Amino acid sequence: MPGPAATAYPVRVASLDELLHAAVQGVGGVERPGQVEMAHAVADAIEKDEHLLVQAGTGTGKSLAYLIPAVMHAQAVGKPAVVATATLALQAQIVDRDMPRLAEAITPVLGRRPTYGLVKGRRNYLCAHKLEGGFPDEDEGLFGVGEVDKAASRLGQEVVRLREWADTTESGDRDELVPGVSERAWRQVSVSAHECMGSKCPALADCFVERSREAAKDCDVIVTNHSFMAIDSFEGRQMLPEHDLLVVDEGHELVDRVTSTITDELTASMVSAAAKRAGRLADSAEAVEDAAVFLQGVLDELPEGKLGGIPDSLALALARVRDTSRQVQSELKPEKGVEPDGSRKVAQAAVDEIFENSSRILEQRDLDVVWVNRDPRRGSVLRVAPMSVAMLLRDKVFGDRTVVMTSATLELGGTFDAVAGTMGLRGDGAPEWRGLDVGSPFDYPQQAIAYVAQHLPAPGRDGISEQTLDEIEALVRASGGRALGLFSSMRAARDATEAMRERFDGEIGFLCQGEDQITTLVRQFARDPKTCLFGTLTLWQGVDVPGSSCQLVIIDRIPFPRPDDPLASARSQAIARMGGNGFMAVTATHAALRLAQGAGRLIRRADDRGVVAFLDSRMITARYAGFLQRSLPPFWPTTDRDRVLAALKRLDETAPPPLAVHEPALRGATGAVVGTSMGRTGEDAAEHPRPAAPDPRPVAADPPPGDSSRTAVTQGHAWTPESDEELRDGVELGLTLAELAESLELPQDVVAARLAGLGLEADGATAMQLD
């Protein structure tokens, strides 16, 4: 039975202030001077076609400040505005919370309901054709997707869950599946961009990706991620609809995400696998296999680390890979008028990758850095990444549209220069741009204390010290829990977690990153104030726990990059050759950004109170301490331990109950929340009224239990589901292999071996392949 007709509103020209006021009221917020200033600055940048870098502190309400001008512009010119974020958490916030409430609030004022959608890379969606058996299995000896039985292995059972979910999902979006499945299982039901058959696919009408992108064409606001936006810009694939306004939120992450996206690798095993894929389809595949053997021998003789140039032996091996794969490429082309099947597409994708990567390394581009890593399972791994993406961003991202870059941490050391330089916005030929800091509505000196534990010994390489553990215990006892611990390595986080569990004996709960999915751990932490959450890199940003559940943030040491990181060392050396200070420009800047992000986890609302505790005395004693301090919010500084412990006790005694925790939402074809107007399509959306609130998200049945707590052993190291999840989280964030190894306190070859076993890629491509 059809529901009541939707209310019709007259279309009118509303002012920016009218719309912003209505939106703020609609979300139950309060207009803030910084938000109003930012909204007008964004509108002004759009009108003048001028780029804008705007730092907006936590609590400014920056998403509304750019979404309102974006909607106004989209409706004025008839083109969508694109919003790109670094994290899935912010994407979900915009699509699940901000846009639905904004659309509801401003429709009466605007006279038309704003529309929005979520667009991701192809690997994030189910492939309808692969579900029907249109592609070869990813793993030899694995059940075919159409033959999987519930009595099969854990992997098979995961694929059964995926098939059952495929019958009910409208979006096909992997993030909708709770609990999730392993990367290996997901690859059984998804394809990469290169493997996709495109418009020739027999399941095109049922394609989740095409439905999502088609729906997005008519949206006012399209939400995506940095990597997807970058590939669209660099390769001209037109995956995003034509647009002339790009908003990059979490802009401080853009350079690292883009660098990760365009990092490539080559191994003998990759070359051999490509040869096997093409074996039955190309006569020259055997020559590719021979090239793999030759490449392995050459790589094994090279020293590990950054290469100063391409040695003659390596150049010969790479040329053989390039030339033999080029011949196979020709043989894999189908006859005229014959469409390639799934097996041929998979073979073409594998051969194209080794051809392109070997060719790139041989080109020895001016800014490319090449290095070798050892891996006990895959052999030697040859990697290549750009030392700088500044000119690429200048030409391809900032070149033909208005770009608004925003974050709570764009100013480092009190200036935009460092971030602007990495994005190509400084030097000869740089486009016009404006930098603006709209401040924060928070009274940081009154709301928070920055405590440096000056009495502790300097952090060493032997793990977390007993004195540091004593300090953590004292802080957590004073705060009654409510602590987020940010550690420099996964080993330190685990050691601290185990030590605190022993010392508190259940009085306070301790969660450690890797024991469950990050989102699940954060929600559990937010619900229970008598709980602490410890972790490493992935917790330094994107964790939003306002209220009394987080009144203490502990940072164990200054988060410098590893000294042997190939890209960081190359950048430092290049700056030094030009007469600059490589340490300050690269190492200290990296640490300042991480510190600002980590400290920003504490104050999320105007009524939040708490302490950020730095357990590294270099924060006040080192020559670069002033630079790091200027990058932080202006908390009230102290080294007085007794005063800090007393303040934490008072906060614990007077703390209000924790705030309600939002659950993840079920999505429709556009990526919008099911139950909102954008979450339904066709007759269903037209005939049924919108409910007052989104439907609660159904939770899938628990995944089947594993036969063992170990998921794999690489070079003597036992991996667990929790440590595998840590790897997935790191890859999702775009971390390099070196960063992952540092986080886990394991050799890079051990981490690389497990990444390969999970079908993940770091430092060459993100786990989510793009289209």
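Here is a friendly exchange about a few local features of this predicted model.

Colleague: Let's start with backbone angles: what is the phi of Asp-49?
Modeller: Asp-49 sits in the loop that links helix 2 (33-48) to strand 1 (51-55). Although this residue is not a glycine, its phi is positive, at about 55°.

Colleague: And is Asp-49 buried or exposed?
Modeller: The relative accessibility of Asp-49 is 55%. The cut-off for exposed is over 50%. Asp-49 therefore counts as exposed.

Colleague: Where does Arg-482 lie, and is it buried or exposed?
Modeller: Arg-482 is another residue other than glycine with a positive phi, near 55°. Its place is the loop between helix 18 (466-479) and strand 13 (483-486). Its relative accessibility is 8%, and buried means under 20%. Arg-482 therefore counts as buried.

Colleague: Thanks! How does Asp-290 count in terms of accessibility?
Modeller: Asp-290 belongs to helix 12, which covers residues 285-301. Its relative accessibility is 44%, and the range between 20% and 50% is called partly exposed. So Asp-290 counts as partly exposed.

Colleague: What separation do the C-alpha atoms of Asp-290 and Ala-268 have?
Modeller: Along the chain, Asp-290 and Ala-268 are 22 residues apart. In space, their C-alpha atoms are separated by 9.9 Å.

Colleague: Now to the strands: which residues of strand 5 are buried on its two faces?
Modeller: Strand 5 spans residues 245-248, and both of its faces are covered. One side carries Leu-245 and Val-247, both buried. The buried residues on the other side are Leu-246 and Val-248.

Colleague: Which residue of strand 10 stands opposite Val-248?
Modeller: Strand 5 pairs with strand 2 (residues 81-85) in the parallel sense over three bridges, and there Val-83 stands opposite Val-247. Strand 5 also pairs in the parallel sense with strand 10 (residues 402-407), over four bridges. In that second pairing, the residue opposite Val-248 is Met-405.

Colleague: In strand 15, which residue is the bridge partner of Phe-510?
Modeller: Strand 14 (residues 509-512) and strand 15 (residues 531-535) run parallel and pair over four bridges. Within strand 15, the bridge partner of Phe-510 is Cys-532.

Colleague: Last one: what handedness does the β-α-β unit of strand 14, helix 20 and strand 15 have?
Modeller: The two strands pair in the parallel sense, and helix 20 (residues 518-527) joins them in the unit. The β-α-β unit they make is right-handed.

Key. Residues are numbered from 1 along each chain as its sequence is written. This is a predicted model: local features need pLDDT of at least 70, side-chain atom pairs count only at pLDDT 80 or more; totals for chains, interfaces and linings use all residues. Side-chain values use heavy atoms; hydrogens and water are left out. Buried means under 20% relative accessible area, exposed over 50%, partly exposed in between (1.4 Å probe, protein chains only). Two strands pair if DSSP finds at least two bridges between them. A crossover is right-handed if, with the strands pointing away from the viewer, the path from the first strand over the helix to the second runs clockwise.
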